[in-house]
Amino acid sequence: MYQPAFLRSSKIVTTVTGAVTFPPKTPSLIFCYSSSSQESPSSPEQQQESSISNSKSPIGSPCRVQKLIASQSDPLLAKEIFDYASRQPNFRHSNSAYLILILKLGRAKYFSLIDDILITLKSEHYPVTPNLFTYLIKIYAESNLPDRALKTFRSMLEFNCKPLPKQLNRILELLVTHRNYLRLAFDLFKSAHKHGVLPNTKSYNIMMRAFCFNGDISIAYTLFNKMFERGVMPDVESYRILMQGLCRKSQVNRAVDLLEDMLNKGFVPDTLSYTTLLNSLCRKKKLREAYKLLCRMKVKGCNPDIVHYNTVVLGFCREGRAIDACKVLEDMPSNGCLPNLVSYRTLVGGLCDQGMFDVAKKYMELMISKGFSPRFSVSHALIKGFCNVGKVDEACGVLEELLKAGESPHEDSWVMIVPRICAGEEMEKLGEVLNGIVKVEIKGDTRIVEAGIGLEDYLIGKTRSRPRRT
């Protein structure tokens, strides 16, 4: 039990040896309104409250005490005021006062004091609303105290308060975040009817997601089938949770079958459901099925977005089918989706991996014209590729495009291209220029565009002066 043993401000409450006393003139200033010219109750309930406050209760009405408790920043002082008011004859706190005090104590983690209040409520048979337990469960959830939250939920019937589905779901969400509480959560889920509440769709989704993350797909699938048996209608999230679980287990064919079942029952899959399936199909190298699914999306009421297209583009590039990836990218504008930086970088990288440097260069130029920066990974792959196959002119062309766009070629790109242009006797002089540029480039917040333009003119002139190969 709480034993105050400290001295608080004498303007409000003085605590000495565990007894709460108020200075003689203070109650009239804090709890009561001394003049009849103050607010006058209009309703019969307010008149009755005013009569009790003025004639029988020296501290004022429950509403005024509630406001005073709410105004305290110190939860212990709020508790003292609450206790003092409780000891006054003919005084009864409002539900809001209990709730406000519990919230203050909960945020300050005075959980033992909350237990004392609940014992008082129970012993006095005070009518309690489900709202109070909702906040209590929330407090324990935020404090990561699953045992206290579960105990609170199970005690609701002792207060003649029937639990609500949202309270059950909050408890389940808290329990399943702890791996060692998953079985306890499942037991509560199965016995919820004994507490006067039946699981709803969200309850099933919480448990299915938990079992999927735990690798227990068979239990999740059983719960999904139980929904239909018990008249609980699954939603899009229910299907998506199960599809994600199946894909994690590499059971992509069953996930696709589940999508078909979903469509047949009239559900419209959301974008995340399609993303899950497309990603899994591409990883399983089922690129034809992935592309067909991408094309079906719009027909089935879900327009593909940039994530869906980029997933398929990446899938084709990974499997050495960059030309097919080009087709996907070309189809995007007609379907209301424009390629982004990731789209172009993935495609150019895939083309370079296959040695299709000329095509890759065209897409890099298109990328720059759209305002996207090719960055080092794209430009250097092209320069390196052209240099390795002896196409130094084309490598210089890539460098020229970068400098025109205001981009700073990376040091490695210069090192790759310069030796292939210059003759041996000129390397010493050019080396001095290159070293100066490299020193500028190393600074994190600077660019070498201005310095690079001079070198660009030199390199391009040198290249053009070389005899063309026949």
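**Helix packing in a predicted all-chain model**

The crossing of helices H12 and H13 is left-handed. In this predicted model, the contact draws on Ile217, Ala220, Tyr221, Phe224, Met227 and Phe228 from H12, and on Ser238, Tyr239, Leu242, Gly245 and Leu246 from H13. Helix H12 covers residues 217–229, and its axis comes within 10 Å of that of H13, the two crossing at roughly 160°. H12 and H13 are therefore roughly antiparallel to each other, given that angles over 145 degrees count as such.

One residue of this contact deserves a look of its own. Tyrosine 239 sits in helix H13, which runs over residues 236–248. Its relative accessible area is 0%, so tyrosine 239 is buried. Leaving aside residues up to four places away in sequence, tyrosine 239 touches Phe224, Phe228, Pro234, Leu258, Asp261, Met262, Lys265 and Phe267. Two of these neighbours, Phe224 and Phe228, are also among the H12 residues that make the contact with H13. For Asp261, a backbone distance is available as well: the C-alpha atoms of tyrosine 239 and aspartate 261 are separated by 9.4 Å, with their positions 22 residues apart along the chain.

The wider setting can now be sketched. The protein chain has 25 helices and 2 strands. It has 470 residues, of which 45% count as buried. Among contacts with a separation of 6 or more, 62% join residues 24 or more positions apart. The accessible surface of the protein chain comes to about 24700 Å², and carbon and sulfur atoms hold 51% of that area.

Helix H11 (residues 201–213) shows what burial looks like for a whole element. Of its 13 residues, 10 are buried, so H11 is largely enclosed by the rest of the structure. The buried residues are Thr201, Ser203, Tyr204, Asn205, Ile206, Met207, Met208, Ala210, Phe211 and Cys212. Their cover includes H9, H10, H12 and H13, which ties H11 to the helix pair described at the start. The geometry of H11 is as expected: at 1.5 Å a residue its 13 residues should span 18 Å, and the end C-alpha atoms are indeed 18 Å apart.

Helix H9, one of the elements covering H11, gives a similar check. H9 comprises the 12 residues 165–176, for which a rise of 1.5 Å a residue predicts a span of 16 Å; the end C-alpha atoms are 16 Å apart, in agreement. Buried in H9 are Gln167, Leu168, Asn169, Ile171, Leu172, Leu174 and Leu175. These residues pack against helix H7 (130–142), helix H8 (146–154), helix H10 (182–190) and helix H11 (201–213).

Two further helix pairs can be set beside H12 and H13. Helix H16 (residues 287–299) and helix H17 (residues 306–318) have axes that come within 10 Å and cross at roughly 160°. H16 and H17 are therefore roughly antiparallel, and H16 passes H17 in a left-handed crossing. On the H16 side the contact is made by Leu287, Ala290, Tyr291, Leu294 and Met297, and on the H17 side by His308, Tyr309, Val312, Gly315 and Phe316.

Helix H19 (residues 341–353) packs against helix H20 (residues 357–369) at an angle of about 165°, with the axes 8 Å apart. That makes H19 roughly antiparallel to H20, and the crossing is left-handed. From H19, Leu341, Tyr344, Arg345, Leu347, Val348, Leu351 and Cys352 take part, meeting Phe357, Val359, Ala360, Tyr363, Met364, Leu366 and Met367 of H20.

The loops between helices add some local detail. Serine 250 lies in the loop between H13 and helix H14 (252–264). Its phi is near 65°, a positive value in a residue other than glycine. At 46% relative accessibility, serine 250 counts as partly exposed. Lysine 285, in the loop between helix H15 (271–283) and H16, likewise has a phi near 65°. With a relative accessible area of 58%, lysine 285 is exposed, the cut-off being over 50%. Glutamate 158 is placed in the loop between H8 and H9 and is partly exposed at 46% relative accessibility. The C-alpha atoms of glutamate 158 and histidine 125 are separated by 9.9 Å, although the two residues are 33 apart along the chain.

Methods: Residues are numbered from 1 along each chain as its sequence is written. This is a predicted model: local features need pLDDT of at least 70, side-chain atom pairs count only at pLDDT 80 or more; totals for chains, interfaces and linings use all residues. Side-chain values use heavy atoms; hydrogens and water are left out. Helices (H or I, at least four residues) and strands (E, at least two) are DSSP runs, numbered from the N terminus. Buried means under 20% relative accessible area, exposed over 50%, partly exposed in between (1.4 Å probe, protein chains only). Contact means heavy atoms within 4.5 Å. The expected span of a helix is 1.5 Å times one less than its number of residues. Accessible areas come from the Shrake-Rupley method with a 1.4 Å probe; for residues, only the protein chains shown count as cover. Axes are lines fitted to C-alpha atoms, for helices over the stretch in contact, and angles run from 0 to 180 degrees between N-to-C directions. Angles under 35 degrees count as roughly parallel, over 145 as roughly antiparallel, 65 to 115 as roughly perpendicular and the rest as oblique. A crossing is left-handed if the near helix is turned anticlockwise from the far one by less than a right angle, and right-handed if clockwise.
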